[in-house]
Amino acid sequence: MPTQVTIDSLSGFCPGVVTAIRKAENHLAAHHQLYCLGDIVHNTREVERLEKQGLKTISYDDYKALTDATVLLRAHGEPPNTYQTARLNNITLIDASCPVVLKLQQRIRAKYLEGNCQIIIYGKKGHAEVVGLVGQTEGNAIVVEQPEDMERIDFTRDIALFSQTTKSIDGFRKLVDEIKKRFTGKNFEYFDTICRQVANRIPNIESFARQQDAVIFVGDTKSSNGRVLYEHCRNANPETYFIADAQDLTEDIIQRLKGKKVGISGATSTPRWLMEAVAKKIK
Ligand code: SF4
């Protein structure tokens, strides 16, 4: 029986990443040079592709030293001081912050300005999106990543809990339950602000993986979303291989795929062209 190869139609870039890359490509087509504050997407191959067109990834230190330039802000969103630096240094911004993240920033800011309650963010400390969210509270929000971070919460005071858009719904619910158990204040509000583009990927990839004999998961170890999706994929189908690109497909893997139904899937940061190149090599 010939090997059948199917690319998971529900995998690959989320709308926020699609928009950021489109904005970068449009600018590069006309100007051949553009700075991007941090990796535009957590995928080395895609970053390299855009760098060939003139994209230059810069750090926050580079950004602070930059003047009279054009800088793209990626989908993760930024804290207010990034915009302030742009004004001071005559930097033109191409703002590709995802509208879902911007809306979350506004909600956190509004709640913070109401005063009197602690803002808690369920998220990964130091992650670019979380830095942008904490920035809305002048650095006062408490980020809860591990159970021990809860010790920083004052349970006698009111609490407003939000989530980083890419966290797991299960983890968020567990945190809500834990806070409820310990809370003695008047008002505990919680807002499930998890992006459904990401949350829905888990049941999708599990169901896709179960329909295949084997799955090739294309991703980058830099992508936390990629690692989570890969784990779910492997749990649903133990014959799952994690690769970064077609070059990682060894002869041994290809031999094992022979005559099977092979599915190809990836993270929200995995470009379609990379999955297509993998499909082509297997075929
Ligand atoms: S995962 Fe959701 S919130 Fe994050 S960039 Fe993509 S669409 Fe926007």
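How many of the six residues of β12 are buried? Keep the question for the third stop; the tour starts with the whole chain.

**The whole chain**

Show the full trace first. This is a predicted model. The protein has twelve helices and twelve strands. Its C-alpha trace spans about 65 × 50 × 25 Å along the principal axes. A compact globule of 283 residues would have a radius of gyration near 19 Å, and the 21 Å of the protein agrees with that. Colour by burial and 36% of the 283 residues count as buried. Among contacts with a separation of 6 or more, 72% are between residues 24 or more positions apart.

**First stop: the sheet with β2 and β3**

Select β3 (55–58) and β5 (92–95), then add the strands between them. This is an open sheet of four strands in the order β3-β2-β4-β5, and the pairing is parallel. β3 and β5 are the edges; each has a single partner strand, so one side of each is left without a neighbour in the sheet. From one strand to the next, the twist averages 30 degrees.

Now narrow the selection to β2 (residues 34–37) and β3: the two run parallel and are joined by four bridges. To find one residue pair across them, pick tyrosine 35, which stands opposite lysine 56 in β3.

Just before β2, select histidine 32, in the loop between α1 and β2. Most residues other than glycine have a negative phi. Histidine 32 is not a glycine, yet its phi is positive, at about 60 degrees. Histidine 32 counts as exposed because it has 10 C-beta neighbours inside 10 Å, where the limit for exposed is 12 or fewer.

**Second stop: the sheet under α7**

Move on to β7 (142–144) and β9 (188–190), the edge strands of another sheet, each pairing on one side only. That sheet is open, has four strands in the order β7-β6-β8-β9, and is paired in parallel. On average, its neighbouring strands are turned by 25 degrees against each other, direction ignored. Inside it, β6 (residues 118–122) and β8 (residues 159–163) pair in the parallel sense over five bridges. One residue pair to label is isoleucine 120 with its bridge partner in β8, leucine 161.

Add helix α7 (residues 169–182) to the view. α7 lies across β6, β7, β8 and β9, and runs at about 170 degrees to β8. On this helix, pick aspartate 170. Aspartate 170 is exposed, with 10 other C-beta atoms within 10 Å. A distance label from aspartate 170 to lysine 125, C-alpha to C-alpha, should read 19 Å; the two are 45 residues apart in sequence.

Then go to glutamate 138, in the loop between α6 (128–135) and β7. Glutamate 138 also has a positive phi, about 55 degrees, without being a glycine. Its 11 C-beta neighbours inside 10 Å make glutamate 138 count as exposed.

**Third stop: β12 and helix α12**

Select β12 (261–266). Five of its six residues are buried, so the strand is mostly covered. β1 runs parallel to β12 and is joined to it by four bridges, while β10 is also parallel to β12, with five bridges. Valine 262 is a convenient residue to centre on: it is the bridge partner of valine 5, and alanine 214 stands opposite it.

Next, select helix α12 (residues 272–282) and show the side chains of its buried residues, Leu274, Met275 and Val278. Look down the axis of α12: these residues fall within an arc of 100 degrees, so they line one face of the helix. Turn to the other side of α12 for Trp273 and Lys280, which are exposed. What lies over the buried face? The cover for the buried residues of α12 includes β1 (4–7), α2 (44–52), β10 (214–218) and β12.

**Last stop: around the ligand**

Which residues come nearest to the ligand? They are Cys14, Gly16, Cys98, Val100 and Cys195, out of 14 residues around it. Show α1 (15–31), α5 (99–114) and α8 (196–199), the elements that give two or more residues to the shell. α1 gives the most, with three residues.

Notes
Residues numbered from 1 in each chain as written. Predicted model: local features only at pLDDT ≥ 70, side-chain atom pairs only at ≥ 80, totals over all residues. Buried ≥ 20, exposed ≤ 12 C-beta atoms within 10 Å, placed from the backbone. Pairing = 2+ DSSP bridges. Axes fitted to C-alpha atoms, helices over the stretch in contact; angles between N-to-C directions. Contact = placed C-beta atoms within 7 Å. Arc of directions from axis to C-beta. Rg over C-alpha atoms; globule rule 2.2 N^0.38 Å. Near = placed C-beta within 6 Å.
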